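Work through the exercises below with the coordinates open. Try each task before reading its solution.

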Amino acid sequence: MSALRFEVQWQDGTGIEGPELAATFAALRISVAGSVLTHVDDKRAQTLRDVVYVPVYPLAEWLVSNWWFLAYEPENLLNRGNPAFAHRHWLVTGSDGYAYPDLRLSSAGKLTRLEWDRRASEWTRLDYRSSGSVTLDRDQVLAAFTDFIDTVTRRLSACGISSSYLQSEWEAVQATDHDEQTFCATAASLGRDPYDLEEHEARLVLDVGKRLGDMRMEALPALDPAEPLAACIAIHEALEASKSNTLRLADGLAGASRWQVDTNRPWLDGYEMARHTRAALGLNGEALATNADLAAAIGQRPTYISRATRPVKSLAALTLVDGVVNPQGPGTASIGLRETGLAGRRFLFCRALAEVLTAGTATVLTKAKTERQQRNRAFAAEFLAPSASLREKIADRYVDQDHVTELADEFGVSPYVIEHQLSNHGIAELVSQ
């Protein structure tokens, strides 16, 4: 059974204006991973129920109109708060005045993030009572969309409606071939409607996709949509500059490479990969608090870490790109990192290490929320500040900022990393002073 479901029971739409709306009036139930998004408190009927009575045509039309954006456009620091982005990803913007749940969707690489909040609809006197968030496989989400849209278009056809905007747009989406899908995905990732591009914009989309090549899926979520070509050039300059920063793994570490991952839980994969890697290196939970410690662990001299983490100038202009990694063969890769503090450079170095263990082609380290970036961030955190070691050092359920700072100094990471490790592994809660 799918984790995302749209269940429809058709109702009598007599009296509703508009043939598409009347034909698709229904009892709608939406559920995600066990939560019912359409669980409402009906103030007029004084009942709680799991369905809402609405025409579902506007919902299907919104899904189709924003199909490529929902599948491929990420939320990041550059578009957060942008009304145009919200219109493409927030269901209530496409409600056509009907009381749909407060659902937001955005791409995270091969995953899709779904978030929903409680919402009161004043004029219908419906209070949506469910809130939550979940990350699902993108293909699973698109399959649920497809089933729902097909249900709605079949209903339209059965009611003698054959030329609606929904039906024509859905046919266009379904008719795209592989190359067209790649183009549409690239355009949508850049916040551009693939069906409404000027000629120069279409050329730009093609150029960006060509320049990024195999890096496309990881790099696109971190590009500035206003200057994507400049960002591509900067990334390639960073790859060229990184050739002087070659990482060669110790024999034990190289033997742990090519880790098999489960992209549905990338953060857990990162934690487990770090534990496996530390075990392969014979590290028994001790801190790698200095460059000398880190270098010794991977079989290198301390000067090597300093050279490998030397900042690459071209990355300074890219807000969301933290580094590049270019594998050169088994256990070997060139890396280039952005300018940051000492603890930050060591953390980025370990993120690059995770990519050397798993990647076969050039890639980027970014601030995006794709499964790959979640995995390499989790790896770096667990590799440098093992959760088991932190658990041994904390006797209470609560810690203050001073204790967090002490732990950060001991493990050679930022307090931010310690805070996330304590929270994500359920070790302790941070209390304000």
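**Exercise 1. Find how many bridges join strand β8 to β11, and state which way the two strands run.**

Solution. This is a predicted model.
- Step 1: take β8, residues 111-117. It is joined to β11 by 6 bridges.
- Step 2: check the direction. The two strands run antiparallel.
- Step 3: pick one facing pair. Arg113 stands opposite Thr135 in β11.

**Exercise 2. Place the strands of this sheet in order and say why β7 and β11 stand at the edges.**

Solution.
- Step 1: write the order. It is β7-β8-β11, an open sheet of 3 strands with antiparallel pairing.
- Step 2: look at the ends. β7 (102-108) and β11 (132-137) each have a single partner strand, so one side of each has no neighbour in the sheet.
- Step 3: add the twist. With direction ignored, neighbouring strands are turned by 20° against each other on average.

**Exercise 3. Analyse the salt bridge between Lys43 and Asp127.**

Solution.
- Step 1: take the distance. The N to O separation is 3.5 Å. The cut-off is 4 Å, so the pair qualifies.
- Step 2: locate the partners. Lys43 sits in the loop between β4 (40-42) and β5 (47-49), while Asp127 belongs to strand β10 (residues 126-128). The partners are 84 residues apart in sequence, so the contact ties together distant parts of the chain numbering.
- Step 3: classify the exposure. Lys43 has 37% relative accessibility and is partly exposed. Asp127, at 22%, is partly exposed.

**Exercise 4. Compare the accessibility classes of Asp102 and Arg104, then give the wider salt-bridge picture.**

Solution.
- Step 1: confirm the contact. The side chains of Asp102 and Arg104 meet in a salt bridge at 3.2 Å, N to O.
- Step 2: apply the 20% limit for burial. Asp102 has a relative accessible area of 10%, so Asp102 is buried. Arg104 has 24%, so Arg104 is partly exposed.
- Step 3: look for a network. Salt bridges with shared partners join Asp41, Lys43, Asp127 and Arg129 into one network.
- Step 4: take another pair. Glu240 and Lys243 meet at 3.1 Å, N to O.
- Step 5: take the total. The count comes to 19 salt bridges.

**Exercise 5. Test the span of helix α15 against the expected value, and determine how many of its residues are buried.**

Solution.
- Step 1: define the helix. α15 covers residues 342-358, which is 17 residues.
- Step 2: compare spans. From first C-alpha to last, α15 reaches 25 Å, close to the 24 Å expected at 1.5 Å a residue.
- Step 3: count burial. In α15, 13 of the 17 residues are buried, so the helix is largely enclosed by the rest of the structure.

**Exercise 6. How many disulfides does a search of the whole structure find?**

Solution.
- Step 1: run the search. It finds 0 disulfides.
- Step 2: check one cysteine. The cysteine sulfur nearest to Cys232 is that of Cys184, 18 Å away.
- Step 3: check accessibility. Cys232 is buried at 0%. Cys350 is also buried at 0%.

**Exercise 7. Does the radius of gyration of the chain agree or disagree with that of a compact globule?**

Solution.
- Step 1: get the reference. For 433 residues, a compact globule would have a radius near 22 Å.
- Step 2: compare. The chain has 25 Å, which agrees.
- Step 3: take the box. Along the principal axes, the C-alpha atoms fill roughly 80 × 55 × 35 Å.
- Step 4: add the inventory. The chain has 19 helices and 17 strands. Buried residues make up 51% of the 433.

Terms used:
Residues are numbered from 1 along each chain as its sequence is written. This is a predicted model: local features need pLDDT of at least 70, side-chain atom pairs count only at pLDDT 80 or more; totals for chains, interfaces and linings use all residues. Side-chain values use heavy atoms; hydrogens and water are left out. Two strands pair if DSSP finds at least two bridges between them. Helices (H or I, at least four residues) and strands (E, at least two) are DSSP runs, numbered from the N terminus. Axes are lines fitted to C-alpha atoms, for helices over the stretch in contact, and angles run from 0 to 180 degrees between N-to-C directions. Buried means under 20% relative accessible area, exposed over 50%, partly exposed in between (1.4 Å probe, protein chains only). The expected span of a helix is 1.5 Å times one less than its number of residues. A disulfide is a pair of cysteine sulfur atoms within 2.5 Å. The radius of gyration is taken over C-alpha atoms; the globule rule is 2.2 Å times the number of residues to the power 0.38.
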